[in-house]
Amino acid sequence: MLILIVFVPLVAIFQDELLGLIFSGVLVLAVLYWIGTRIGNKGKRKPEEMPIMTKEKEDRYEQLGMTTSEIELFRSTMNVAKGQIDRVQRNTAQSSKLKAIDLRHDTVKAAKALFKELVKEPTRLHDASHFLYTHLPNMADLTDKYLEINQHEVKSKEAFAKLEESAQVIDQLSLLIVQDYQQFVADDLEELDVEISIAKQSLNRDNKLKSELK
């Protein structure tokens, strides 16, 4: 009987300790999971939120003959492009080297200008495919990496070499982005040349007529 009396409290204590261990184990696993998700998400870029499409814009797209899938593709592509342009602009502002490259080519200005042209002519998305799917994304990613390495407090000889190589590629991409814009508006420039030529001919005729009347 005495043994039974002693044994029952011991079982209770053992059960309490076991429950405590289980609880502690669950708590540790929960903390490790939280830390793992934080580390896994570190460095991951949140996708840009898609702005709500106004009725005015929807009507305009439909008037241009765009299908629902074409509208969705245009809006999602432009939403990503806007985020990438913002990244390039922010990165450029944080580095004197990147600022110098931007001043030399007006990269950000050209990217924003091409973005505005696409907003005006959404059916020409394919005409800017190199800009949207190659040049701009590469520029955003490369300036990200450039800043990451450049912000290291201690840089090795290899790190300096990589920075210089990256700067050269960024410079080349900047030139390509400017060319993307120039090619996109080339038709507008040709139309302007025609209008200038017609206006000059009209002025010449007017001047000739005035001279004959004198």
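In this predicted model, helices H6 and H7 cross with a left-handed sense. H6 spans residues 129–150 and H7 spans residues 157–184. Their axes come within 9 Å and cross at roughly 155 degrees. Angles over 145 degrees count as roughly antiparallel, and H6 and H7 are therefore roughly antiparallel to each other.

Both helices supply a series of residues to this contact. From H6 come His130, Phe131, His135, Leu136, Asn138, Met139, Leu142, Thr143, Tyr146, Ile149 and Asn150. H7 contributes Ala159, Leu163, Ser166, Ala167, Val169, Ile170, Leu173, Ser174, Leu176, Ile177 and Asp180. Sorted by class, the contact of H6 with H7 holds 14 nonpolar, 7 polar and 1 charged residues. Asp180 of H7 is part of this contact. On the H6 side, the polar participants include His130, Asn138 and Thr143. Ser166 and Ser174 are among the polar participants from H7.

The model also contains pocket space. The largest pocket encloses about 350 Å³. Its lining comprises 16 residues. Nearest the centre of the pocket lie Pro51, Lys57, Tyr61, Phe74 and Arg75. Three helices each give two or more residues to the lining: H2 (55–63), H3 (68–93) and H5 (107–120). H3 gives the most, with 5 residues. By class, the lining of the largest pocket divides into 9 nonpolar, 2 polar and 5 charged residues. Lys57 and Arg75 are among the charged residues of this lining, while Pro51, Tyr61 and Phe74 are among the nonpolar ones.

How values were computed:
Residues are numbered from 1 along each chain as its sequence is written. This is a predicted model: local features need pLDDT of at least 70, side-chain atom pairs count only at pLDDT 80 or more; totals for chains, interfaces and linings use all residues. Side-chain values use heavy atoms; hydrogens and water are left out. On a 1 Å grid over the protein atoms alone, a cavity is a set of points where a 1.4 Å probe fits but cannot get out, and a pocket is an open set with protein on both sides within 12 Å along at least five of seven lines; lining residues have an atom within 4 Å of a point. Grid points are joined across faces, edges and corners, and a volume is the space filled by probe spheres set on the points. Helices (H or I, at least four residues) and strands (E, at least two) are DSSP runs, numbered from the N terminus. Axes are lines fitted to C-alpha atoms, for helices over the stretch in contact, and angles run from 0 to 180 degrees between N-to-C directions. Angles under 35 degrees count as roughly parallel, over 145 as roughly antiparallel, 65 to 115 as roughly perpendicular and the rest as oblique. A crossing is left-handed if the near helix is turned anticlockwise from the far one by less than a right angle, and right-handed if clockwise. Contact means heavy atoms within 4.5 Å.
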